[in-house]
Amino acid sequence: IEQAEKEANLPLFEKKIEAQLEVPLAQLRQEIPQDPKWGVKKNSEGKNVFWYGYKGHLAVGTSSQYILQSLFSSGSLNDGKAAIPLLKGIHERLSLKSLRYQTMDAGYDFEPIYEQIHRMGQHSVIAYNKRNEREIVGFDEHFAPTCVREHSYRYDSFDPKYETLKYTRPKECHECPLANDGLCQKVYKVKITTDLRKYTAPARGSNTWKVIFKRRTAVERVNAYLKEFFQLNNLRNRTRKRAKVHFDLVTLVYNASKLAVDRIRASHKQQQAA
């Protein structure tokens with residue numbers, strides 16, 4: 001009882017991520033910690049990099065490379081705890097009917113994030129982060145079913161009406177003597193709501209999933225632009241209010257510059273066509 005009371009009295013962003021699901025967007029943004037603190041992150045070589053200050057969290061359109069939502073926080077905040085405020089901001093503040101997928105790396109592999117994306121009517125393409133989990137018998141590393149001889153079923157399609165993934169027999173079954181013995185079924189169907197973290201549309205491990213996941217590199221490019229060309233890596237303000245103003249101005253100027261470039265490019269195309 002004491003432990004439950006202690007957890008209930010914690011600040012919102014010190015609780016588990018699922019506590020954010022029912023909290024309004026305005027409250028999420030109001031309660032996010034913004035005081036400068038020590039942060040740690042692994043670099044491309046797998047080594048920990050430490051810094052004192054803040055973090056910028058971005059939701060970027062992979063095709064347009066516009067910043068759709070941004071969030072300013074303390075350097076110690078876990079990246080996964082910034083995902084739901086960004087997702088709710090996209091859903092409530094923007095009208096993007098063509099948006100279908102939310103693509104993230106393994107640092108955002110938390111069940112509440114999948115649940116929030118599902119509530120938005122979109123699909124998760126998030127790298128799976130194994131946490132000392134046992135191998136599931138009858139399924140491969142991408143959670144596709146396997147036959148008696150442990151060959152993986154092939155992802156075929158997704159039925160949006162019933163939210164069901166369809167898998168078909170492996171190629172190896174054509175020459176397998178057990179194919180007609182009734183041990184292996186021809187078609188295997190799984191509802192993604194069985195486990196939103198494991199079953200995504202398109203299915204994990206499929207070529208379509210891999211193609212969509214590669215688009216996430218757009219976020220890294222925007223991060224590099226902001227740090228190298230827009231002075232986001234040169235923040236010298238000690239107070240959080242001034243630091244946040246600096247961050248907001250940088251993201252605003254980036255989007256304005258991107259819009260200007262796109263309009264100039266469109267104007268040139270029209271002149272060439274004329």
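This is a short tour of one sheet, the helices that lie on it and a patch on the surface. Keep in mind that you are looking at a predicted model.

**Stop 1: the sheet.** Start by selecting three strands: β1 (37–42) and β2 (48–60), plus β3 (67–74). Together they make an open sheet in the order β1-β2-β3, and the pairing is antiparallel. Which strands sit at the edges? β1 and β3 do, as each of them pairs on one side only. Now turn the view a little: on average, neighbouring strands in this sheet are turned by 55° against each other, ignoring direction.

**Stop 2: between β2 and β3.** Zoom in on this pair. The two strands run antiparallel and are joined over seven bridges. To see one of these partnerships, select V60 and I67: I67, in β3, is the bridge partner of V60.

**Stop 3: helix α3.** Next, add residues 83–93, which form helix α3. This helix packs on the sheet and touches β2 and β3, with its direction at about 145° to that of β3. Is α3 mostly enclosed or mostly open? Eight of its eleven residues are buried, so the rest of the structure largely encloses the helix. Colour the buried ones if you like: A83, I84, P85, L86, L87, K88, G89 and I90. To find what they pack against, show α2 (25–31), β2, β3, β4 (101–104) and α4 (111–119).

**Stop 4: helix α7.** Now bring in residues 240–273, helix α7. It also lies across β2 and β3, running at about 165° to β3.

**Stop 5: S70.** Go back to β3 and pick S70, which is found in that strand. Is S70 buried or exposed? Its relative accessibility is 18%, and the cut-off for buried is under 20%, so S70 counts as buried. Show its surroundings too: leaving out residues up to four places away in sequence, S70 touches R29, H57, L58, L86, F247 and T251. You have already met L86, one of the buried residues of α3.

**Stop 6: the surface patch.** Finally, switch on the surface and select W38, V40, F50 and Y52. These four make a nonpolar surface patch of about 510 Å². Strands β1 and β2 are the elements that give two or more residues to it. Finish on W38, which belongs to β1. Here the relative accessible area is 59%, and exposed means over 50%, so W38 is exposed.

Technical notes. Residues are numbered from 1 along each chain as its sequence is written. This is a predicted model: local features need pLDDT of at least 70, side-chain atom pairs count only at pLDDT 80 or more; totals for chains, interfaces and linings use all residues. Side-chain values use heavy atoms; hydrogens and water are left out. Patches are made of residues with over 30% relative accessible area and no salt bridge: like charges are joined within 9 Å, nonpolar side chains (Val, Leu, Ile, Met, Phe, Trp, Tyr) within 5 Å. Accessible areas come from the Shrake-Rupley method with a 1.4 Å probe; for residues, only the protein chains shown count as cover. A salt bridge is a side-chain nitrogen of Lys or Arg within 4 Å of a carboxyl oxygen of Asp or Glu. Helices (H or I, at least four residues) and strands (E, at least two) are DSSP runs, numbered from the N terminus. Buried means under 20% relative accessible area, exposed over 50%, partly exposed in between (1.4 Å probe, protein chains only). Two strands pair if DSSP finds at least two bridges between them. Axes are lines fitted to C-alpha atoms, for helices over the stretch in contact, and angles run from 0 to 180 degrees between N-to-C directions. Contact means heavy atoms within 4.5 Å.
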